[in-house]
Amino acid sequence: MKEGIIVSYKLENVNIDKNKTAQNVRDFLDNEFQTYLNRSGLHRYDLSSPQIDPTGVIAHGGNSQESKMMQIFDYQAKCVAIYEAIEDCIENKKLHKWHRTILHNRYIDGLEDWQIAQRLSISSSRYREIKSNALCEFADRLPVWAYRYGTQLPDLRVYNNKEKEVIK
């Protein structure tokens, strides 16, 4: 196939590459998320019960420099979108789906994986499987929450069976 400009994607029988997607999400939540928090002036605990105003940003009192406000609002919107995507994940104890608990405990509360597995009383191998599913669910939900908060976040999903339509 000759290289060219990708004009669109033709997606058939699309499946997410679970391992690559989970790794993308882990890298994103471990690195970029912290950068967004730093640049927004927020801490992870600020997200546990966000006070969101109609523009989709966390309400804060006090004055800020007007020239930087829009950028700060965008970083806040990114952080809240990430938080909401985590909180939107499946939580069903009867079905042993603790996606929200795992993601929240790990990436908001800062617990280690072994601590979360211990709290859930599951083996480390079962925990890894559930966490991988949770990370993939997060990747599916993130674009929706980014759209709702009017911000742009990377698509963390990696697809199998992607066919490119290329202009020669």
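## A bend in the first helix

Helix α1 bends by about 40° at Leu29, and that is a friendly place to start with this predicted model. Despite the bend, the end C-alpha atoms of α1 are 30 Å apart, which agrees with the 33 Å that its 23 residues should span at 1.5 Å a residue.

Several residues of α1 are turned away from solvent. Its buried residues are Thr21, Ala22, Val25, Phe28, Leu29, Phe33, Tyr36, Leu37 and Ser40. Leu29, where the helix bends, is thus on the buried list, and it will come up again with the core.

## The chain as a whole

Stepping back, the protein chain has 5 helices and 2 strands. Read along the sequence, these elements follow the pattern β-α-α-α-α-α-β.

Of the 168 residues in the chain, 37% count as buried. If you like contact statistics, here is one to keep: among contacts with a separation of 6 or more, 70% join residues 24 or more positions apart.

## The nonpolar cores

Which residues touch the most other members of the largest nonpolar core? They are Phe28, Leu29, Leu47, Ile82 and Phe138, out of 33 residues in that core. Helices α1, α2 (66–87), α3 and α5 each supply at least two of its residues. The largest share, 9 residues, comes from α2.

Phe28 makes a good vantage point for looking around. Leaving out residues up to four places away in sequence, Phe28 touches Phe33, Tyr36, Ile82, Phe138, Leu142, Leu153, Pro154 and Leu156. Two of these partners, Ile82 and Phe138, are also named among the residues that touch the most other core members. Apart from this core lies another, of 9 residues, among them Trp98, Ile116, Leu120 and Ile130.

## Salt bridges

How many salt bridges does the model hold? The count comes to 9. One of them joins the side chains of Arg106 and Asp30, at 3.9 Å from N to O. Arg106 lies in helix α3 (residues 99–108) and Asp30 in helix α1 (residues 18–40), so this pair ties together parts that are 76 residues apart in sequence. With a cut-off of 4 Å, the 3.9 Å pair qualifies as a salt bridge. Arg106 counts as buried at 19% relative accessibility, while Asp30 counts as partly exposed at 38%. The two also belong to a network of salt bridges that links Asp30, Arg106, Asp113 and Lys131.

Another salt bridge stays inside one helix: the side chains of Arg141 and Glu137 meet at 2.6 Å, N to O. Arg141 and Glu137 are 4 residues apart in helix α5 (residues 124–148), and are therefore separated by about one helical turn. Is each partner buried or partly exposed? Arg141 is partly exposed, with a relative accessible area of 26%, whereas Glu137 is buried, at 9%.

Asp155 offers a further example. Its salt bridge is with Arg157, and the closest N and O atoms are 2.8 Å apart. Asp155 counts as partly exposed, at 42% relative accessibility.

## Helix α5 and what follows

Arg141 has a second role to note here, as α5 bends by about 35° at this residue. A proline, Pro143, follows within four residues. Even so, the 25 residues of α5 reach 35 Å from first C-alpha to last, close to the 36 Å expected at 1.5 Å a residue.

Just after α5 comes Gly150, which takes a positive phi of about 65°.

## Asn105 in helix α3

Asn105 is found in helix α3, the helix that also holds Arg106. At 11% relative accessibility, Asn105 counts as buried. Setting aside its neighbours within four places in sequence, Asn105 is in contact with Gly110, Leu111, Ile116 and Arg119. Ile116 is also one of the residues named in the 9-residue core.

## Cysteines

How many disulfides are there in the model? The count comes to 0. Cys79 is buried, with a relative accessible area of 0%, and Cys89 counts as buried too, at 1% relative accessibility.

How values were computed. Residues numbered from 1 in each chain as written. Predicted model: local features only at pLDDT ≥ 70, side-chain atom pairs only at ≥ 80, totals over all residues. Heavy atoms only, no water. Buried < 20%, exposed > 50% of the residue type's maximum accessible area, 1.4 Å probe, protein only. Core = buried A, V, L, I, M, F, W, Y, C linked by side-chain atoms within 4.5 Å. Contact = heavy atoms within 4.5 Å. Disulfide = S-S within 2.5 Å. Expected span 1.5 Å × (residues − 1). Bend = angle between axes of the 7 residues up to and from the residue.
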